[in-house]
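This report looks at the helices and pockets of one structure, taking the helices before the open spaces that they help to line.

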Amino acid sequence: MTRLAPLPFDEWDMDAISAVAPGRQVGPSNALGLFANHPALAKAFLGYNTYLLSRASTIPPHTREVAILRVAWRRRCRYEWAQHVRIARRAGLSDEEIARIRAGDTDDESIGQIIAAVDELDAHSTLSDETYQALAGKFDDRQLMDLVFTIGTYGLLAMAFNAFGLELDQGLSDEGFGRTEQ
């Protein structure tokens, strides 16, 4: 049930919303429509979030999407899950990796450390020494910062999307979301 309806596309303050894609035409989406209800917040937050989703971020897109999908799954955020399954596939994640993210498979060498990091940060707001050392062996300081900020930001977005009852965009599938493994 939607609690705060996305603003209709023709009522958006495009100056505020354009922070998500500077210089490009932005199309309607429920997430952007939600932000359109608060132009000052939209402009500030979307500019920051664009950094996390862009090539400016120091973490590879594959890593970023593993983290975001795990956050979406743990927080039970249907909207974030549906949007980022598509983005994750474009970043090279396989259906098998997406299933492992859903299951919380920390034994997988390529994604297990990221899943562990999300789980620890979401549950305790910190990383164990073991997880931190494993990540520090793979990422430099800036990458570690981008990873932690990405996980935190998408936790915040999941919270907002769930609290406001954000519905999926028309035609967007939430494939695999109804499964219960966690």
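In this predicted model, the buried residues of H3 are covered by a set of elements that includes helix H1 (14-17), H2, H4 and H9. The residues of H3 that are buried are Ala42, Phe45, Leu46, Asn49, Thr50 and Leu52. The length of H3 agrees with expectation, because its 15 residues should span 21 Å at 1.5 Å a residue and its end C-alpha atoms are 20 Å apart.

H5 has 13 residues and reaches 19 Å from its first C-alpha to its last, which is close to the 18 Å expected at 1.5 Å a residue, although the helix bends by about 25° at His84. His84 is itself among the buried residues of H5, which also include Tyr79, Glu80, Trp81, Ala82, Gln83, Val85, Ile87 and Ala88. These buried residues pack against H2, H3, H4, helix H6 (95-103) and H9. After H5 comes Gly92, whose phi is positive, near 100°.

The two helices are followed here by the pockets, beginning with the largest pocket, which has a volume of about 960 Å³. Of the 34 residues that line the largest pocket, Val20, Asn49, Leu53, His84 and Ile87 are the closest to its centre. Helix H2 (30-35), helix H3 (39-53), helix H4 (61-74), helix H5 (78-90) and helix H9 (141-163) are the elements that each give two or more residues to this lining. H5 gives the most, with seven residues. Two residues described above thus return in this setting: Asn49, buried in H3, and His84, where H5 bends, are both named among those closest to the centre of the largest pocket.

The second largest pocket is lined by Leu4, Leu34, Phe35, Asn37, His38, Leu41, Phe45, Leu156, Leu157, Ala160, Phe161 and Phe164. The elements that give two or more residues to the lining of the second largest pocket are H2, H3 and H9, and the largest share, four residues, comes from H9. Phe45, which is buried in H3, belongs to this lining.

The table sets out the two pockets by volume and by the classes of their lining residues.

| Pocket | Volume | Nonpolar | Polar | Charged |
|---|---|---|---|---|
| Largest pocket | about 960 Å³ | 18 residues | nine residues | seven residues |
| Second largest pocket | about 220 Å³ | ten residues | two residues | no residues |

Definitions and conventions
Residues numbered from 1 in each chain as written. Predicted model: local features only at pLDDT ≥ 70, side-chain atom pairs only at ≥ 80, totals over all residues. Heavy atoms only, no water. 1 Å grid on protein atoms, 1.4 Å probe; cavity = no way out; pocket = protein on both sides within 12 Å on 5 of 7 lines; lining within 4 Å. Points joined across faces, edges and corners; volume = space filled by probe spheres on them. Nonpolar A, V, L, I, M, F, W, Y, C, P; charged D, E, K, R; others polar. Expected span 1.5 Å × (residues − 1). Bend = angle between axes of the 7 residues up to and from the residue. Buried < 20%, exposed > 50% of the residue type's maximum accessible area, 1.4 Å probe, protein only. Contact = heavy atoms within 4.5 Å.
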